[in-house]
Amino acid sequence: MKNICFYFQIHQPFRLKRYRFFNIGRDHYYFDDYANEEILQQIAARSYVPANRMLLDLINQYKGKFKVAFSISGVALEQMEIFAPEVIDGFRELAKTGHVEFLTETYAHSLASLFDPEEFRNQVQQHAERIEMLFGMKPTVLRNTELIYSDEIAEQVYDMGYTKMITEGAKHVLGWKSPNYVYHAATRPGLKLLLKNSRFSDDITYRFSNYSWHEYPLTADKFIAWIAATPPEEELINLFMNYETLGNLQPAHTGIFEFFKALPRFAFENGIGFTTPGEALDSHEAIDSMLVPNTISWSDEERDVSAWLGNKLQQSALKSLYEVGERVRLCTDRRLKQDWIYLQSSDHFYYMSTKHFGSGQSQFSPYMSPYDAFNNYMNVLSDFIARVRAQYPDTVDNEELNALLTIIHNQEMEIKRLQSELKTVIGTNEELLVEKGKGKTTQKEK
Amino acid sequence: MKALMFGWEFPPHILGGLGTASYGLTRGMAQQEDMEITFVIPRPWGDEDQSFLKIIGANNTPIVWRDVSWEKAQARLGKYMDPKEYFHLRDHIYADFSYMHTNDLGCMEFSGRYPNNILEETNNYSIVAGVIARSYPFDVIHAHDWLTYPAGLHARSVTGKPLVIHVHATEFDRSRGKPNPIVYGIEKNGMDNCDHIICVSNLTRKTVIENYHQPSWKVTTVHNAVDPLSPEIEAIERQSGLPDKVATFLGRITMQKGPEFFVDAATQVIRKTDHIRFVMAGSGDMMDQMIQLVADRGIAHKFHFTGFLRGKQVYEMLKSSDVYVMPSVSEPFGISPLEAMQCGVPSIISYQSGCSEILHNVIKIDYWDVDAMADAIYSICTYPAMAEHLRIEGKKEVDNIKWEDAGLKIRRIYDSLM
C-alpha cells in the first residue's frame with residue numbers, strides 16, 4: 001500500500017535590529033522585536049493558525065487515518081511563546097490526537113553540523129528536550145537544518161543515538177534511483193533515511209498557483225492520480241515542505257486550504273494512506289545505501305549549501321562565529337548563551353548570499369543588500385565576541401580554562417570530601433584519645 | 001553611418017567627467033565598422049588621440065573669409081589638422097560675420113573651459129557649427145550636454161538631419177535643485193527641438209521627463225561604461241607608508257558631491273576607532289568650508305586634503321585607498337566609483353547616483369544617512385572578508401561594463417531615426 005508522508009518545517013529567526021558599529025561595546029541587545037513580532041503574528045494569522053485548525057479537523061474527521069509530522073525550530077517556538085502563544089496551543093492539541101509526530105533538529109536552525117559537532121549535538125539535545133517538554137513526546141527522527149546532509153553528518157547523527165533521519169532526494173545524488181524508498185547511510189548503515197520527493201513537493205510549494213504552469217490548476221484528484229500512477233512497488237511519497245506554504249507562500253485565495261482538505265478523500269479512494277516519518281522508517285527496510293560525500297540540502301536548483309556558504313562574506317562570518325563556540329560553552333552567563341543560540345540561525349547567513357544578484361533580492365531578507373546584512377551581523381558579532389572575551393581572561397587558553405573551571409565547579413564536593421575525611425581523622429583521633437584517657441583512669445583506679 | 005558630434009572636452013585635457021565619457025563613448029562606437037565620427041570641440045590641444053575619429057577645433061574653423069596662404073595655414077594649424085580642411089571649411093562660410101572678433105585666420109577664440117562668459121562662448125560655438133555642418137556629409141548629429149545644444153540645433157536646422165542630445169548632467173544636478181533659468185532655458189530648448197534624448201541613467205531620465213516635460217518615448221537611458229586601465233596604471237602600487245586604513249573622497253568639492261556628509265561620517269568613525277584615516281582629494285568651491293568643518297570637528301589629525309589631482313595622481317590616490325566614498329547628492333552617472341573598482345578599491349556610493357542603477361558589488365547608502373556611511377566605512381576597514389569580497393567581485397563586475405555595448409545601444413537609436 002502506498003503512503004503519503006507529510007512533514008512541515010516551521011522556522012522563524014530572531015531578526016537583528018539595525019546595529020551600527022558605534023553600538024559595539026555599548027548596546028548588548030541585538031534583536032528587532034518590532035519586526036519579529038509583526039512578521040510572526042502576520043504569518044500566524046495567515047498560515048499557522050488556520051493550517052493547524054484545518055489539520056486538526058482532518059485528523060478528527062478521518063479518525064487518525066490522516067497523519068502529519070512537524071519540525072519546529074527552537075527559536076521559532078520561543079517566538080511563538082512570546083508573540084503568538086495560540087499557535088503553540090494549536091500544536092499541543094494536534095499532539096494530543098496522537099497522530100502527529102514531532103521531529104527533532106538543531107535548536108537554532110543552525111549550521112552547526114557543518115562547523116561544530118559538539119554544538120550540533122548540544123542543540124539537537126536541547127531541541128529534543130524542548131519538544132518533549134512542550135508536546136509530551138520524545139522525537140526519534142532527526143531533521144537537520146534545511147535538510148542538510150552528508151556522510152559526515154550521518155556519522156555524527158548516528159553517534160548521537162539516532163537511527164532515523166530525513167533529507168533531500170537530490171537528483172545528483174540519487175541518479176536513476178527513486179526517492180520513494182527508504183535508504184540507509186553509506187557510512188553508518190544503521191541510520192535509515194527518508195528522502196523528499198522533490199517533484200511532488202514542489203508541485204505544491206512552488207507551482208500550485210503558477211498560472212504559466214501547464215498543469216495549472218492543480219486539483220486534489222489530479223495530484224492523487226499522479227501519485228497513484230507511480231510504480232506500485234514505490235510505497236512512500238514524502239512531501240516535505242515549509243508550513244508557510246499553507247496560507248503564506250500560497251495565500252488562502254489560491255485555494256491551498258481546500259486542496260489540502262480534499263486530499264485525504266481522494267487518497268483513500270485510491271487506496272493511498274498517510275504515515276509519518278517515524279512510522280515509515282520503522283515499517284520499511286532500507287533497499288540501498290546512499291553515498292553523499294558532498295553536502296546536500298533542499299535549497300535552490302543546486303541542492304547544495306551555497307545559499308549559506310557560497311561567498312567569502314558568509315564563510316568568514318560563520319568562521320568568526322564558531323571560533324568562539326568552545327569558549328561560549330565554558331561560560332555560564334544565560335543571556336550570553338541565549339544570544340549565542342539566536343546568532344546561529346542559518347537565516348543570518350542566507351541574507352548575505354550574493355547568488356541572486358540581478359534576479360531581485362531574496363524576498364525573505366530584511367536587508368537592502370547582502371553587504372548590508374554582513375555589515376550588520378558582523379557588528380553584532382563583534383560585540384558578542386567582546387562579551388565572550390570579557391567573561392574570562394584572554395591569556396588562559398580553553399583547555400587550561402576548562403581544567404580551572406572543573407576545579408571551581410567541583411570545589412564544594414572537594415571540600416565536602418576533605419571535610420568528611422577530616423572528620424574521620426578527627427574521629428579516630430578522638431577515639432584514640434578516649435581510649436588513652438580510659439587507660440589512664442583505669443590505671444589511676446588501680 | 002556618419003555622425004557629427006559636438007562636445008566640450010576631450011582627453012587628455014579634461015576638466016570633468018564629460019571628457020572621459022566622450023572619449024569612451026566615441027571609442028566604443030568606433031568599434032562598429034561602418035561608423036565614422038567627426039568630433040567638434042571648442043579648442044583642441046593637438047595631442048588628442050585621433051586614431052578612431054576626426055577632431056575639429058571650433059577655434060580653427062574660419063567664419064570670416066581671409067586670404068591665407070597654404071604655408072601659413074600649414075604653420076598655424078598643422079598641429080591640429082590637415083590644412084586642406086581649413087580651406088574646405090573656408091569654402092562653406094555662410095554669412096558675413098566680419099563684425100565678430102576674429103583673428104588673422106578668420107577664426108574665433110575659445111577657451112575650451114568653463115569661463116564666466118560661457119554663454120557667449122556657447123553662442124560662438126553654434127556659429128561655427130553652421131560652417132562645419134555645411135562642410136561635411138553626415139547622417140546624424142549628436143550633442144553632448146547643454147553647452148553644445150545650440151550648436152546641435154543649428155546644425156539640425158541647416159541640414160535637416162536628426163539631432164540626438166546626450167544628457168550627461170542637468171542643471172538640477174549641478175545646482176541641487178535651484179537651476180539657473182538661462183541654462184535651464186537652453187537645456188529645455190534643446191530637448192524640445194531634438195529628435196531623441198539619451199540620458200546616462202534612469203535618474204537623469206526621470207529628471208528630464210519630469211522637470212523638462214519631455215515625453216517618455218523620446219528619452220532613452222544608455223548607462224556609461226569605463227575604459228580598461230592601461231598597463232602603466234595597473235602597475236601603480238600602494239604608496240601609503242602608514243598601516244592605517246584610508247577612506248577616500250575623490251572629486252570636485254562642490255555642493256553636488258556632498259562632501260560635508262563625508263566629513264560627518266569621518267567624524268563618527270574617528271571618534272570610535274584609531275586605525276582609519278580620511279582623505280578628501282580634489283578641489284572646488286566648498287573646499288575652504290570643508291577645511292573649516294574638519295577643524296571645527298577636531299578631526300584634522302586624521303583627515304587630509306590633497307588639493308586637485310590630475311592624470312596619474314588620481315590613480316595613485318585610488319590605489320593607496322582602502323575605501324572609496326562617493327556621497328553625491330545628485331549624480332547623473334558618476335564614473336569614478338567604476339574607476340575605483342577597477343583599481344580594486346571597495347566603494348560606497350549614494351543611491352542618488354546614476355551608477356548605483358547598474359552596480360551590485362558596492363555598498364549603497366542614502367547620501368544623508370551619515371550613520372550608514374560611517375558604518376560601511378568601518379565595516380570595510382575592519383572585516384577583511386568584506387573588503388576582499390568587494391574588491392574581487394567589484395573588479396569582476398566592472399570589467400564587464402564596456403563602452404562597446406553602450407555604443408551599440410546608441411547605434412540602435414541612430415538607426416531608429418533614419
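A residue counts as buried when its relative accessible area is under 20%. The exercises below use this cut-off on a predicted model.

**Exercise 1. Is A:His109 buried or exposed, and what is the sign of its phi?**

Step 1. Locate the residue. A:His109 sits in the loop that runs between strand 3 (100-102) and helix 4 (112-115) of chain A.

Step 2. Read the backbone angle. Phi of A:His109 is positive, about 55°, although the residue is not a glycine.

Step 3. Apply the cut-off. The relative accessible area of A:His109 is 0%, so the residue is buried.

**Exercise 2. Describe the setting of B:Asp145: its loop, its backbone angle, its burial and its contacts.**

Step 1. In chain B, the loop between strand 4 (140-144) and helix 5 (149-159) holds B:Asp145.

Step 2. B:Asp145 has a positive phi, near 70°, and is a residue other than glycine.

Step 3. With a relative accessible area of 8%, B:Asp145 is buried.

Step 4. Leave out residues up to four places away in sequence; B:Asp145 then touches B:Leu18, B:His166, B:Val167, B:His168, B:Ala169 and B:Arg174.

Step 5. Look for a polar contact among these. The side chain of B:Asp145 reaches the backbone nitrogen of B:Ala169 at 3.3 Å.

Step 6. For a distance across the chain, take B:Thr204, which is 59 residues from B:Asp145 in sequence; the two C-alpha atoms are separated by 12 Å.

**Exercise 3. Which peptide bonds at A:Pro217 and B:Pro12 are involved, and where do these prolines lie?**

Step 1. In chain A, the bond from A:Tyr216 to A:Pro217 is cis, and its omega is near 0°.

Step 2. A:Pro217 belongs to the loop between helix 8 (198-205) and helix 9 (220-228) of chain A.

Step 3. In chain B, B:Pro11 and B:Pro12 are joined by a cis peptide bond with omega of about 10°.

Step 4. B:Pro12 is in the loop between strand 1 (2-6) and helix 1 (17-29) of chain B.

**Exercise 4. Which residues of helix 12 of chain B are buried, and what covers them?**

Step 1. Helix 12 of chain B spans residues 312-319, and its buried residues are B:Val314, B:Tyr315, B:Met317, B:Leu318 and B:Lys319.

Step 2. Recall the helical repeat. An α-helix has 3.6 residues a turn, so residues three or four places apart point the same way.

Step 3. List the cover. Helices that contribute include helix 9 (231-234) and helix 13 (336-342) of chain B. Strands that contribute include strand 8 (245-250), strand 9 (276-281), strand 10 (303-307) and strand 11 (323-326) of chain B.

**Exercise 5. Characterise the interface of chain A and chain B.**

Step 1. Count the residues. Chain A brings 20 residues to the contact and chain B brings 24 residues.

Step 2. Give the area. About 1,900 Å² is buried between the two chains, and carbon and sulfur atoms give 64% of that.

Step 3. Find the polar links. The rule yields 11 residue pairs in polar contact across the interface, both residues at pLDDT 80 or more.

Step 4. Assign the chain A side. Helix 13 (312-323) and helix 17 (370-391) of chain A each supply at least two residues to the side that touches chain B. Helix 17 of chain A gives the most to that side, with six residues.

Step 5. Sort that side by residue type. The side of chain A that touches chain B has 10 nonpolar, seven polar and three charged residues.

Step 6. Add the charged pairs. Two salt bridges are found across the interface. One of them links the side chains of B:Asp369 and A:Arg20, with a distance of 3.8 Å from N to O.

**Exercise 6. Describe the overall form of each chain.**

Step 1. Chain A has 19 helices and 12 strands, while chain B has 16 helices and 13 strands.

Step 2. Taken along the principal axes, the C-alpha atoms of chain A fill a box of roughly 115 × 55 × 40 Å; for chain B the box is roughly 70 × 45 × 40 Å.

Step 3. Test chain B against a globule. A compact globule of 418 residues would have a radius of gyration near 22 Å, and the 23 Å of chain B agrees with this.

Step 4. Consider burial. In chain A, 56% of the 446 residues are buried; in chain B, 59% of the 418 residues are buried.

Step 5. Consider contacts between residues at least 6 apart in sequence. Those joining residues at least 24 apart make up 77% in chain A and 68% in chain B.

Conventions
Residues are numbered from 1 along each chain as its sequence is written. Chains are lettered from A and ligands numbered from 1 in the order in which they are written. Side-chain values use heavy atoms; hydrogens and water are left out. Contact means heavy atoms within 4.5 Å. Buried area is the accessible area (1.4 Å probe) that two parts lose on being put together, summed over both. A salt bridge is a side-chain nitrogen of Lys or Arg within 4 Å of a carboxyl oxygen of Asp or Glu. A polar contact is a pair of N or O atoms within 3.5 Å; within protein, one must be able to donate a hydrogen and the other to accept it, and residues adjacent in sequence count only if both atoms are side-chain atoms. Helices (H or I, at least four residues) and strands (E, at least two) are DSSP runs, numbered from the N terminus. Ala, Val, Leu, Ile, Met, Phe, Trp, Tyr, Cys and Pro count as nonpolar, Asp, Glu, Lys and Arg as charged, and the others, Gly among them, as polar. The radius of gyration is taken over C-alpha atoms; the globule rule is 2.2 Å times the number of residues to the power 0.38. Buried means under 20% relative accessible area, exposed over 50%, partly exposed in between (1.4 Å probe, protein chains only).
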